[in-house]
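Got your viewer open? Here's a walk through the model, one selection at a time.

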Amino acid sequence: MPGPKHQSFRHGIHPPEHKEDTAHLAIKQFPFAPLLIIPFSQHIGREAVPVVKAHDEVIRGQLLAKADGFMSVPIHAPASGVIKNIGLVPSIQGTMVNGLYLESYPASTQEILEGNPCPLDAGKEEIIAAIQNAGIAGLGGAAFPTHVKLKIPEGTHVDTVLINGIECEPYLTTDHRVMLEQTGDIFTGIRYLLKATGAERAVIGVEANKPDAALMLKDNAPNDLAVSVEVLNIKYPQGAEKMLIKTLLNREVPTGAHSVEIGVIGINVATAAEIGRLLPHGRGIQERVITVGGNAVNHKGNYRVPIGTPLRFILDTVGVQGTLSEVFLGGPMMGQAAPGLDIPVTKGTSGVIAYSRDKNAPPQKIYPCIHCGRCVQACPMLLNPSQLGLLAKKNQYEKMADEFNLKDCFECGACSFVCPSHIPLVQYFRIAKSQLKKAQAA
Amino acid sequence: MDKKILQIHSSPHISSGAGVDVIMRNVVYALLPVVAFSIYAFGLAALFTLMAAVLSCLLTEHWLCKWSRQTTSVNDWSVAITGIIYGLTLPPNLPLWMTLIGGVIAVSLGKFIFGGLGYNPFNPALVGRAFLQAAFPTAMTTWSAAFGAQRFTSLPASTLTFPLTSPQYDSLSGATPLAAMKFNQQPTDAMDLLLGLTSGSLGETCAVLILLGGLYLIARNMMNWRIPVGIFFTVIVLSALFHFANPHRYPDAVFMLFSGGLMLGAMFMATDMVASPITNLGCFIYGALIGTLVVIIRLWGGMPEGVMYAILFANAVSPHIDRFIQPTPFGHRS
């Protein structure tokens, strides 16, 4: 049980968890959609460069696009089939991006093409290259190329690898299931990670709402591995890397800096499991675990879904009840709303949440800021969202950045969640950031 | 699933639900026991005064919204709070025409002129009361005794005074505990103060009910407890200090705490979210400022009571407290 050992990060909120519907459901393999949509940029950084042509026949696991330099990861075929078209494909942002359509063969096998295995006793550089070649980008949602994180700058020493099993977003239970069902993969992944970073130990953080997962990890932790499992009090956004480092290690990442500068590398638990699952076989990512939930979904659950599966196929397969009003990728706090259903699941997608809300219900009325201070009490970065919101309304973006530290905001949504005036604060901050970026570029 | 329109908006896609109207409505609930006790203590006079206060505030806001072609904002409940609090600060036998004028001033000059809800620099109820204090000083300091025998059957003569004429008072006038102390050095029993068995403004008599209402709001996270705590803390410390130095000249801390409008002011007026600081530390400083001003005015001022002016001054200082007291962001401590 969580004890007084860990002083939690300050502020934060307790949104309803909604995890009870899917937390107990084992991961199920999802069928192949007849047409997969595969964007070349599913990660932060440069988009991958296609190595196949239209009408090529590809086998599951085959390389479709190679990494463009170090700040990029390759993309592998999630199913066997034929490349239908290379060009523009729809994306969650509502824009069209470079990618390809893959027509999967009916009755396609689950067989996977294997590459060059990476042995556990491989060197640092070899492991980092193998992780890049596997196409791994942070599966927690940010989709930052994992191998880039593991490349420790000269002269920096990393002592701890934090394995993030917090999963503080409501509805999502994928990390929970991965911890229960892929316990061995996680520890294998940790072996690779410790080797690649040169860190002395790994710490797995799990929130108290997943006691079974914490127990499973504790019971199966290999004796020769410097790993500990810590159970933490439930609080959103504890899964944010800066918050988790504060809670577990009581270290504060300085503003504008990366965690590596204070000797910590944070890796999502599902990412660690994928490393442990793929590297011994030299495979690339072809699928990922997502939670399909929300009140519009009939068969809620945790599914291992091929990358590129369109939302329409997912919702058709699980069944929709009522009128679909909203679909978003990720959790309800930080997830992105889908503009349509012809959007694929990508490497960073942790969930598909579909709501059916009464469309006749009036929208929440936006009142003026009444200065109640709830946002100030909620902000985990200890900012003043009320003041930022008032400045945003007056378009004083420079002042927001210079005097009220807008850049420290990572858009967790705690302020908007608690605001009794229902002011869309995070939306204001996103607009302010993009306007500042535009002004800087000009 | 085709031809379905999906709603798109920026995350987060859920919210905690409790809106401004819910908070405001709960403040009204917290005030109801105080209202009930004041009607019990002062009878029809209290009922009529409170009704006139609430009605004048509500109608002023409604008409001003209509006149400026906005949708009416009376249903956010904030003006109801203003009306009730304003009413509770008035003497029970105040002529109704004065009550009505003060209500119009409170909402128009205290709130609407600055832009309505969220923009008032001062607590509107106190702006209304301050106007009456300046315009009708005698009427605002003439008090009828609580628990008069005929309070449920007849109104005080002064209540129904014809507009713009001076009120005539019955013989039943009583000095407030603070006035008795200030002008006659005559203390009041602490138990009487706690239970509200004294004369005074409509809502300032029963400290226990006010505290209960405040505790309800604090428990529901609808009031920043650091404001009343800051006020109580400074009032207790300062008055105990002076009482210890000269017990004959200065009243003790218990008397200071439970007499006059301190309890009502600290719990329900100083805590107006719009006119108080946003950070916890700022709220405590703001409370401490109010407590200090109250002690200064009460002990050395020309008036027996100073809670209203103390809060209004602190309201004016509040934005400046916010300017200097800002949270230090995560990762900025070196």
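Start with the domains. Keep in mind as you click around that this is a predicted model. Select chain A and colour it by its domain assignment, which gives domain 1 at 124-281 and domain 2 at 374-441. Drop a centroid on the C-alpha atoms of each one, and the centres of domain 1 and domain 2 of chain A come out 29 Å apart. Where they touch, domain 1 of chain A puts in 5 residues and domain 2 of chain A puts in 5 residues. On the domain 1 side of that contact in chain A, you'll find 4 nonpolar residues, 1 polar and no charged ones.

**All of chain A**

Now show chain A as a cartoon. You should be looking at 13 helices and 17 strands. Its radius of gyration is 22 Å, and the globule rule gives 22 Å for 442 residues, so chain A is as compact as a globular protein of that length. If you draw a box along the principal axes, the C-alpha atoms of chain A fill roughly 60 × 50 × 50 Å. Colour by burial and 56% of the 442 residues of chain A count as buried. Turn on a contact map next: among contacts in chain A with a separation of 6 or more, 73% are between residues 24 or more positions apart.

**Helix α6 of chain A**

Select residues 241-249 of chain A. Is this helix mostly covered or mostly uncovered? Mostly covered: 8 of the 9 residues in α6 of chain A are buried. Show sticks for the buried set, which is A:E241, A:K242, A:M243, A:L244, A:I245, A:K246, A:T247 and A:L248. To see what sits over them, add some strands of chain A to the selection: the cover includes β9 (160-165), β10 (201-207), β11 (227-232) and β12 (264-268). Then step just past the helix to A:N250, where phi is positive, near 55 degrees.

**Two crossing helices in chain A**

Next, pick α11 (residues 397-404) and α13 (residues 425-441) of chain A. Their axes are 9 Å apart and the helices pack at an angle of about 100 degrees. That angle makes α11(A) roughly perpendicular to α13(A). For the side chains at the crossing, show A:Y397, A:M400 and A:A401 from α11(A), plus A:A432, A:Q435 and A:L436 from α13(A). Sorted by class, that contact between α11(A) and α13(A) has 5 nonpolar residues, 1 polar and no charged ones.

**Across to chain B**

Bring chain B into view and select what touches chain A. You get 34 residues of chain B in contact with 54 residues of chain A. On the chain B side of this interface, the classes split into 16 nonpolar, 15 polar and 3 charged residues.

Now hide chain A for a moment. What does the secondary structure of chain B come to? There are 13 helices and 0 strands in chain B. The C-alpha trace of chain B spans about 80 × 55 × 30 Å along its principal axes. Its radius of gyration is 21 Å, which agrees with the value near 20 Å for a compact globule of 334 residues. Burial colouring here picks out 52% of the 334 residues in chain B as buried. On the contact map for chain B, residues 24 or more positions apart account for 75% of the contacts with a separation of 6 or more.

**Helices α1 and α8 of chain B**

Select residues 20-42 and 207-219 of chain B, which are α1 and α8. The axes come within 9 Å and cross at roughly 170 degrees. That makes α1(B) roughly antiparallel to α8(B). Show B:N26, B:V27, B:A30, B:L31, B:P33, B:V34 and B:F37 on α1(B), and B:L209, B:I210, B:L212, B:G213, B:Y216 and B:L217 on α8(B), since these make the contact. By class, the contact of α1(B) with α8(B) holds 11 nonpolar residues, 2 polar and no charged ones.

**Last stop: B:L194**

Zoom in on B:L194, which lies in helix α7 (residues 190-195) of chain B. B:L194 is partly exposed, with 18 other C-beta atoms within 10 Å. Beyond its neighbours within four places in sequence, B:L194 is in contact with B:A207, B:V208 and B:F258. Finish with a distance label from B:L194 to B:L241: these two are 47 residues apart along the chain, and their C-alpha atoms are separated by 22 Å.

Methods: Residues are numbered from 1 along each chain as its sequence is written. Chains are lettered from A and ligands numbered from 1 in the order in which they are written. This is a predicted model: local features need pLDDT of at least 70, side-chain atom pairs count only at pLDDT 80 or more; totals for chains, interfaces and linings use all residues. Axes are lines fitted to C-alpha atoms, for helices over the stretch in contact, and angles run from 0 to 180 degrees between N-to-C directions. Helices (H or I, at least four residues) and strands (E, at least two) are DSSP runs, numbered from the N terminus. Angles under 35 degrees count as roughly parallel, over 145 as roughly antiparallel, 65 to 115 as roughly perpendicular and the rest as oblique. Two residues are in contact if their C-beta atoms, placed from the backbone, lie within 7 Å. Ala, Val, Leu, Ile, Met, Phe, Trp, Tyr, Cys and Pro count as nonpolar, Asp, Glu, Lys and Arg as charged, and the others, Gly among them, as polar. Domain bounds come from an automatic or database domain assignment. The radius of gyration is taken over C-alpha atoms; the globule rule is 2.2 Å times the number of residues to the power 0.38. A residue is buried if 20 or more other C-beta atoms lie within 10 Å of its own, exposed if 12 or fewer, and partly exposed in between; C-beta atoms are placed from the backbone.
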